[in-house]
Amino acid sequence: MSDPIAVVGMAARLPDAANLEQFWANLVAGRNSIHRLTEEDLLEAGADPEEIHRPGYVRARPLLDDLWGLDRRYFGMSERECVVRNPQHRLLLELCSSALQNAGYVPGHRDVIGLYAGCASDRYAEDHLRADPELYSLVGETGVTLANNTDYLTSFVSYRLGLTGPSIPVRTACSSSLVAVHMAAQALRAGECDIALAGGVEIEMPYGLGYLHVRGGVESADGVCRPLDARASGTVFGSGGGVVVLKRLDEALADGDTVWGLIRGSAVNNDGSERATFTSPSVEGQRQVIAEALAVAGVDPVHLSYVELHGTATQVGDPVEIQGLKDALSALAEGEPSAESCVIGSVKSNIGHLGPAAGVAGLIKTLLAMTHEAIPPVANFRTPNPLLRLERTPFRVADRLLEWPRTDTRPRLAGVSSFGFGGTNAHVVLGEGPRHRAPLGDARSAVPVDEDGSSPEPQLLLWSAYDESAESIVRRDLATALGRDGHRLADVAFTTQVGRRALPVRAALRTRSAKHAVDTLIDPAAAVTARGDGTILPVVLVFPDPAGAENDDIGWIHDLREGHASFATAMDECLDLFGREESRTLGTAGLSHEVTEAGRPASARERTVLLFAAEYALGQMLLDYGVRPVGAVGWDTGALLASTVLGKSTLAEAARSLCDELDLLPAFRAGATEADLPPAPGTDATEGAPLLWLVCGAADAKSAPWREFGVDATGQLAVGVLPPTDDTAPWDGVLDVLAQVWVHGTDVLWENLPRRDGALRIPLPHYPYARRPYLAPRRAVRGGSGS
């Protein structure tokens, strides 16, 4: 029995479905997404005018919306690279990016991410690149090969996304993507990567053409795919793709991941020579691969309630598959499966046969069915194919939308099959994931929230884009997700912080209420906590003079120390350096409940030491959260803190100086000089390059600290961490500062922030890619396409 692998993210672009939501809606409706092509469509696509009028020419094909489009700015590609790069490679790139966003992960952090995927052979290089002498002379054969050969499919994606794990192209024809899933799961179990992407894509080329039906062949006589039906006459090859994100289950649970489902077991084999022809399916080969996957999963086939078939709708393939499945279940079942206890279906009835992407499309369909607790109907199904002899099996066809609810007695199990020309077979056994990690948001946490979705702690929502237009879409999509999906506000905030790339145009909103968040997000004119237009402001930390603080209120110190370990640790470290006995006295007197309520420390001396330690703790807390200042300055005694943060002196030296000179503070009132200011790259400090000045302390003292250091005011921005100017709590002020830091271009280590109630990664809408078409004109005109 193998360790379960969790599916923590998914993405799909399929005929009539730009995303998972549209795909599910089409499945529930039993929609046939194989498109009928007019003569005008065919001629525009480059079809031979004579061929499309030949007897047996079928004007049908599952097509993909926005096929040639890519957001080259998002993926960092030049226009020429987009044109030369194979469209299948481009499609896989976008799907991998979307799947990682669905999982809530950004490549390039601590996780080693692998990629296993397949695509079809096509004629893009031949018909669009080599046939264009001018373009070919600019690119050359090596350039064409590197941009189109399937050897470079996954390594191209790994390069563009920064994936550092194994990057393996998988080529087993129609079973490629499910074989990729099997290989990815094995790699995770072997420890070769922390996260694995697996999937496949196909774009039929020449694109948009019909096909010539051959009697006895695999392609449908009328352009309709009818798996398991008495009228079945074959399949229809089309375009699309899908990717899943996999992790070891124990790590997925520990990391707060959404779990769409579990891979309980999987297997791959080949039919060998015991079959009529090279392309003929084998009952025995399919039986063996299914039986092996069930054995690896350690489950009783009697409990299998759904199987997503390869289901090509051929008169030979469907009966062979049913027989192989029946034999596998019968051989391993501890009891006799009851009649119609296992539902069967095939996504090819909806979207046709996507070649290398067929297996992952079926896998995603099954995971969506588990999530929504319903099995979609087989499209185009009327009467069972009598050759299947279903009355002698435990199977029933999903002839309508069927309920598939979770139960408290036994987790649901499903199987997914994919069989390739040439005999390479794959089968995956799926199980449902933990209820509290299900994707739909209900029952994900026992933490109470109010009816309006309010959170007991302030939450910081982040969003970003490449320009204002895209930012408005991201903002709208986030509002839709908050208002529709029932997720906890804390989970949404966490996912926006750790699960999305930070792009130039940024904004942040601190809120405790989901309703307030939605109302703000849908109103373009509503005020947000922070906003940046792409201008980068390096951070300078500013430390007020602890001895000169006019505000004696130290309640904020108690609040931060009680709730934030990073602050408490740094403050205790500082106080300890003043001597055990003295620090114990200061700690007791300065932070007692009574004194905090009174709002004043016992003496000016104690106040100075406490504020010194608290300002140091604030600075260290910001450093722990990833704020990397280019400099630090301070007024009077605050200069000691600035020197310590910059590493010019140790904390022990600063504390010793303060302790020795508490009665001679004017000796430390030299302050900071212009030389202490860090110059921006390529400029002189006296030019006053724009900076973000973070005032770390209990003083509201200087609204424009740059004036004290002779810096020009143009473009400068100052933000005070404490105290708040309104009724907000101290932590609200810290979040506001982090928001300003982030929107002005500094990365923040959001994973380090304390989260008292925990936080989970949840599926939120992916980035709204601003696709533009990139396609070299097709120069070679050829006949119809098969697969």
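This passage describes the fold of a predicted model, from the whole chain down to single residues.

In this predicted model, local features need pLDDT of at least 70 and side-chain atom pairs count only at pLDDT 80 or more, while totals for chains, interfaces and linings use all residues. Residues are numbered from 1 along each chain as its sequence is written, and side-chain values use heavy atoms, with hydrogens and water left out.

The secondary structure of the chain amounts to 25 helices and 26 strands; both are DSSP runs numbered from the N terminus, with helices being H or I of at least four residues and strands E of at least two. Of the 787 residues, 59% are buried, where buried stands for under 20% relative accessible area, exposed for over 50% and partly exposed for what lies in between (1.4 Å probe, protein chains only). Contacts (heavy atoms within 4.5 Å) reach far along the chain: among those with a separation of 6 or more, 81% come from residues 24 or more positions apart. The structure holds 0 disulfides, a disulfide being a pair of cysteine sulfur atoms within 2.5 Å. Two of the cysteines can be placed in terms of burial: Cys-82 is buried at a relative accessible area of 0%, and Cys-696 is likewise buried at 0%.

An open sheet of 11 strands runs in the order 7-6-8-10-1-11-18-17-12-13-15, with mixed pairing. Here two strands pair if DSSP finds at least two bridges between them. Strand 7 (167-169) and strand 15 (395-397) stand at the edges with a single partner strand each, so one side of each has no neighbour in the sheet. From one strand to the next, the twist averages 25 degrees. At the strand 15 edge, strand 13 (residues 342-345) runs parallel to strand 15 and is joined to it by 3 bridges; Cys-342 has Phe-395 as its bridge partner there.

Strand 1 is a well-covered member of this sheet, with 9 of its 9 residues buried. It pairs with strand 10 in the antiparallel sense over 8 bridges, and with strand 11 (residues 261-270), also antiparallel, over 3 bridges. Val-7 links both pairings: its bridge partner in strand 10 is Leu-246, and it stands opposite Gly-261 in strand 11. Helix 5 (residues 87-103) lies across strand 1 (5-13), strand 6 (113-118), strand 8 (195-202) and strand 10 (240-248), at about 130 degrees to strand 1. Such angles run from 0 to 180 degrees between N-to-C directions, with axes fitted as lines to C-alpha atoms, for helices over the stretch in contact.

Further along the sheet, strand 17 (residues 413-419) has 7 of its 7 residues buried. In a regular strand the side chains alternate between the two faces of the sheet. On strand 17 both faces are covered, with Leu-413, Gly-415, Ser-417 and Phe-419 buried on one side and Ala-414, Val-416 and Ser-418 buried on the other. Strand 12 (residues 304-308) pairs with strand 17 in the parallel sense over 4 bridges, and Tyr-306 has Ala-414 as its bridge partner. Strand 18 (residues 424-431) pairs with strand 17 in the antiparallel sense over 7 bridges, one of which matches Ser-418 with Ala-426. Strands 17 and 18 form a hairpin with 4 residues between them, and Gly-422 in the turn has a positive phi of about 100 degrees.

Helix 8 (residues 153-161) has buried residues at Leu-153, Thr-154, Phe-156, Val-157, Ser-158 and Leu-161. Their cover includes helix 3 (72-75), helix 4 (79-84), helix 5, strand 6 and strand 7. Just after helix 8, Gly-162 takes a positive phi of about 75 degrees.

Elsewhere, helix 19 (residues 565-576) packs against helix 22 (residues 604-624) at about 135 degrees, with the axes 8 Å apart. That angle makes helix 19 oblique to helix 22. Residues of helix 19 in contact with helix 22 include Phe-567, Met-571 and Leu-575, and those on the helix 22 side include Leu-610, Ala-613 and Met-621.

Finally, Ala-517 sits in helix 17 (residues 514-521) and is buried, with a relative accessible area of 0%. Leaving aside residues up to four places away in sequence, Ala-517 touches Leu-461, Leu-482, Leu-509 and Thr-511. The C-alpha atoms of Ala-517 and Leu-482 are separated by 8.0 Å, although the two residues are 35 apart along the chain.

Definitions and conventions: Angles under 35 degrees count as roughly parallel, over 145 as roughly antiparallel, 65 to 115 as roughly perpendicular and the rest as oblique.
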